[in-house]
Amino acid sequence: MPYSYDDENIFAKILRGDIPNKTVLDTDHTLAFEDIDPKAPVHVLVIPKGRYVSYDHFAAEASDTEIVDFNRAVAEICRMTGVDLGSGGAGFRAISNAGSDGVQEVPHYHLHILGGRPLGRMLARPPG
Ligand code: 5GP
């Protein structure tokens, strides 16, 4: 089944300028902004400007130019926020939720960059 993109999702509205955001970085193909409900001292959302639903959609169908731009933007955001290992930062976690099992809230591909405190283990095992 082809990927289906909803132009009314909240990040599409942010990209159109209909909803304000606290921009961290704006490049040709990528926008990064602060999460409205931060879960850590650093919580930046990185999104492609193209109409991609999820990480797998982006990885499968984005152009090489978009993919390189996105990944270079991630590196730059890590550097700007001081979490990157290259300049002695304490590290970070990059998370992308996809679909219902991934508990994705906004159906426009985004990478969460979280850091600024110890984040604990990635996932807890279900009880039992
Ligand atoms: P998901 O669960 O889809 O991986 O994450 C969606 C994220 O988007 C959440 O962390 C949520 O706080 C954030 N978010 C939802 N609406 C807005 C908004 O209008 N502005 C910003 N900056 N973040 C939002």
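## Close-ups of a predicted model

**View 1. The lining of the largest pocket is a mixed bag: twelve nonpolar residues, five polar and six charged.** Keep in mind for this and every later view that the model is predicted. The pocket holds about 570 Å³ of space. Its lining comes to 23 residues, and F11, D35, I36, D37 and L45 are the ones nearest the centre. Helix α1 (10-16) and the strands β2 (30-34), β3 (42-48) and β5 (111-115) are the elements that put two or more residues into that lining. The largest share belongs to α1, which gives three residues.

**View 2. Here is the largest nonpolar core, with 17 residues in it.** If you want to find the busiest members, look for V44, V46, F70, V74, L111 and I113, which touch the most other members. Strand β3, helix α3 (64-81) and strand β5 each bring at least two residues to this core. Helix α3 has the largest share, with five residues. Set apart from this core is another one, made of seven residues, including F11, L31, F33 and V106. As general background, nonpolar side chains in soluble globular proteins tend to be buried together.

**View 3. L111 is shown with its contacts from further along the chain.** Leaving out residues up to four places away in sequence, L111 touches V44, L45 and V46, then F70 and V74, and finally A94, I95 and S96. Among these partners, V44, V46, F70 and V74 are listed with L111 as residues of the largest nonpolar core that touch the most other members.

**View 4. H110 sits in the loop between β4 (92-95) and β5.** Is H110 buried or exposed? H110 is buried, because its relative accessible area is 4%, under the 20% cut-off. A polar atom of the H110 side chain lies 2.7 Å from the backbone oxygen of H108. Beyond the residues within four places in sequence, H110 is in contact with F11, with L45, V46 and I47, with I95 and S96, and with Q104. Two of these names may ring a bell from View 1: F11 and L45 are among the residues nearest the centre of the largest pocket.

**View 5. T30, in strand β2, pairs up with D69.** The two side chains make a polar contact of 2.6 Å. T30 is buried, with 1% relative accessible area. Not counting residues up to four places away in sequence, T30 touches L25, V46, I47, P48, K49, D69, F70 and A73. One of those partners, A73, is 43 residues from T30 along the chain, yet their C-alpha atoms are separated by 7.1 Å.

**View 6. P48 belongs to strand β3 and is buried.** The relative accessible area of P48 is 1%. Which residues does P48 contact, leaving aside its neighbours within four places in sequence? They are L15, H29, T30, F58, F70, H108 and Y109. You met T30 in the previous view, where P48 turns up among its contacts too. P2 is another matter: P48 and P2 are 46 residues apart along the chain, and 19 Å separates their C-alpha atoms.

**View 7. V103, in the loop between β4 and β5, has a backbone angle worth a look.** V103 is not a glycine, but its phi is positive, at about 55°. The residue counts as exposed, because its relative accessibility is 63%, over the 50% cut-off. H110, from View 4, is placed in the loop between β4 and β5 as well, but H110 is buried.

**View 8. L85 is an exposed residue in the loop between α3 and β4.** L85 has a relative accessible area of 62%. Once neighbours within four places in sequence are set aside, L85 is in contact with A90 and G91. From L85 to H108 there are 23 residues in sequence and 28 Å in space, C-alpha to C-alpha.

**View 9. P118 comes in the segment after β5.** At 73% relative accessibility, this proline counts as exposed. R79 is 39 residues from P118 along the chain, with 18 Å between their C-alpha atoms.

Note on methods. Residues are numbered from 1 along each chain as its sequence is written. This is a predicted model: local features need pLDDT of at least 70, side-chain atom pairs count only at pLDDT 80 or more; totals for chains, interfaces and linings use all residues. Side-chain values use heavy atoms; hydrogens and water are left out. On a 1 Å grid over the protein atoms alone, a cavity is a set of points where a 1.4 Å probe fits but cannot get out, and a pocket is an open set with protein on both sides within 12 Å along at least five of seven lines; lining residues have an atom within 4 Å of a point. Grid points are joined across faces, edges and corners, and a volume is the space filled by probe spheres set on the points. Ala, Val, Leu, Ile, Met, Phe, Trp, Tyr, Cys and Pro count as nonpolar, Asp, Glu, Lys and Arg as charged, and the others, Gly among them, as polar. A nonpolar core is a set of buried Ala, Val, Leu, Ile, Met, Phe, Trp, Tyr and Cys residues joined through side-chain atoms within 4.5 Å. Buried means under 20% relative accessible area, exposed over 50%, partly exposed in between (1.4 Å probe, protein chains only). Contact means heavy atoms within 4.5 Å. A polar contact is a pair of N or O atoms within 3.5 Å; within protein, one must be able to donate a hydrogen and the other to accept it, and residues adjacent in sequence count only if both atoms are side-chain atoms.
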